[in-house]
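Good morning, everyone, and thank you for making room for this on the agenda. Please have a look at the sequence and the structure before I begin, and keep them in view while I talk.

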Amino acid sequence: MRGNNGELTYSLTGEDGGAGQYYRDVALFTDEVLMKLHEDPSIAKFGRYIALRKPEAWNPDIYALEWLMIGVLWNVYNTRATAGSVSAGRLLSSLYRHRNRSRGARRAVDWLKGIAGTTVLARRHQAAERVQLQSLARLLGWLTASGEFEQETGRLKIWLDFLRGLPGKESAGILHRAVQKATWFERCSLECLGSYTSQVETYIENNHQRLRWQENRIFCSRERVEYHLNMVGAEIMNRVFHDGFQAASEKIVFLPICMRNKSAEACRAVPEGPGYVCRRCSKTCRVHAVTAMAEACDSKVLMIPHASTAFGKERIPEGKVGIVGIACVLNLISGGYKAREMGYLPQCVLLHYSGCVMHWHPEGIETCIDMDRLQVMLEQGKPSSKT
């Protein structure tokens, strides 16, 4: 992601310009992470809790990801989670729900979000020695108030309810081990995936002043370990939802607008549903290329102006539509959760880097993906491949 000084916070491409090595590295590291996480009995115990109380049980690998997420987010944000985080979270989240009502509402909410992110939510206090149920609740309040972790906090609140039903010593042990695993993950992910995220700190340092008072301040200042968590999370979700995606009768590819090679004024795409349909006004545009590939695989392409509007407002019939979400790293876990919440069966392909004008670059940069990886996903999901 190129900042004002031209740096990329992450890049999946190797010397050959492709991302093949990245996908091999993240697959191997994900195998190691899952093996390490499933050594802990709390994952299976949480799975039994879900099976008894929730209508939809998920794959244990998702529960393992969530347990790791507790530790990672605690290590990154616990010094910002104050006693007022829970009430601040409730107040700000109620405002965020009104954000998409109108352009005026969006501007007002974003203005307040920028103020909160630079003042109240940026304050730090002395780190707690150990995570406890009360401090976890404060952390979830802070995450909610930030406006950047809606899907993650929804899932982790289920963990909080689970932990509250256990004896105090047992819940404390589960949380302590989650933090220990997160510390291990941060160290090992730097070794295995760090070559793809080498400029994160430089980007944050160079853009610190520019991001003050901006609604995307917290999003654009997220730490390197959060990139790695999303990389592994995306790999886990692709595995877990793979069979459901293949079985879905309809396939849609959601593309970000940063992949087009024309300005909004020059692009001839036409509105449809939550996005836009390419009209092939440029033979060199990557959206054109993806659209042609998808049509050959009996799939559809929608260009989405913003991740928050990708899935519309109405839940679709369960199991009918499989989607391939193409997104930058920091949107991967939240996007996967949101897709499932709305009834879609998701897969994802990562942008090689990000360059949208809304977050990462003042002029915007045309982005790209591994087209071979997308083609394999779509070809495997064609109805004819199952006969």
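I will go through the interior of this structure, then one enclosed helix, a pair of strands, and finally the cavities.

Please keep in mind throughout that what you see is a predicted model.

Let me begin with the nonpolar interior. The largest nonpolar core has 112 residues, and those with the most contacts inside it are F185, V253, I326 and L374. If we ask which element gives the largest share of this core, it is helix α3, residues 60-77, with 13 residues. Apart from this core lies another one, of 13 residues, among them I304, F311, I316 and Y344.

Now let us look at F185 and one of its partners in some detail. Leaving aside residues up to four places away in sequence, F185 touches F29, V33, L68, V72, V225, H228, L229 and V232. Of these, L68 is a good one to follow, and L68 is found in helix α3. Is L68 buried or exposed? L68 counts as buried because its relative accessible area is 1%, where buried means under 20%. With the same exclusion of residues up to four places away, L68 touches V33, L37, K181, A182, F185 and L229. It is also worth seeing how the chain comes back on itself here, since L68 and A178 are 110 residues apart in sequence and 5.8 Å apart in space, C-alpha to C-alpha.

A second example is I236, which lies in helix α11, residues 224-240. I236 has a relative accessibility of 1%, and therefore counts as buried. Its contacts, again not counting residues up to four places away in sequence, are T30, L34, D61, I62 and L65. Between I236 and N59 there are 9.9 Å in space, C-alpha to C-alpha, although the two are 177 residues apart in sequence.

A third example is T144, in helix α6, residues 133-146. Its relative accessibility is 14%, so T144 counts as buried as well. Not counting residues up to four places away in sequence, T144 touches G89, S93, Y96, T153 and K157.

Let me turn to a whole helix. Why can we say that helix α14, residues 332-341, is largely enclosed by the rest of the structure? We can say it because seven of its ten residues are buried, and these are L332, I333, S334, G336, Y337, A339 and R340. What covers the buried residues of α14 includes α3, α7, α11, β5 and β6. Just after α14, G343 takes a positive phi of about 100°.

Next come the strands. Strand β4, residues 300-304, is mostly covered, with four of its five residues buried. It pairs with strand β1, residues 250-256, in the parallel sense over five bridges, and within this pairing L255 has M303 in β4 as its bridge partner.

Finally, how many cavities of 30 Å³ or more does a search of the whole structure find? The search finds five, and the largest cavity has a volume of about 90 Å³. Fifteen residues line this largest cavity, and C267, C278, C281, C285 and V287 lie nearest its centre. The lining divides into seven nonpolar, three polar and five charged residues.

That is where I will stop, and I am happy to go back to any part.

Definitions and conventions: Residues are numbered from 1 along each chain as its sequence is written. This is a predicted model: local features need pLDDT of at least 70, side-chain atom pairs count only at pLDDT 80 or more; totals for chains, interfaces and linings use all residues. Side-chain values use heavy atoms; hydrogens and water are left out. A nonpolar core is a set of buried Ala, Val, Leu, Ile, Met, Phe, Trp, Tyr and Cys residues joined through side-chain atoms within 4.5 Å. Buried means under 20% relative accessible area, exposed over 50%, partly exposed in between (1.4 Å probe, protein chains only). Helices (H or I, at least four residues) and strands (E, at least two) are DSSP runs, numbered from the N terminus. Contact means heavy atoms within 4.5 Å. On a 1 Å grid over the protein atoms alone, a cavity is a set of points where a 1.4 Å probe fits but cannot get out, and a pocket is an open set with protein on both sides within 12 Å along at least five of seven lines; lining residues have an atom within 4 Å of a point. Grid points are joined across faces, edges and corners, and a volume is the space filled by probe spheres set on the points. Ala, Val, Leu, Ile, Met, Phe, Trp, Tyr, Cys and Pro count as nonpolar, Asp, Glu, Lys and Arg as charged, and the others, Gly among them, as polar. Two strands pair if DSSP finds at least two bridges between them.
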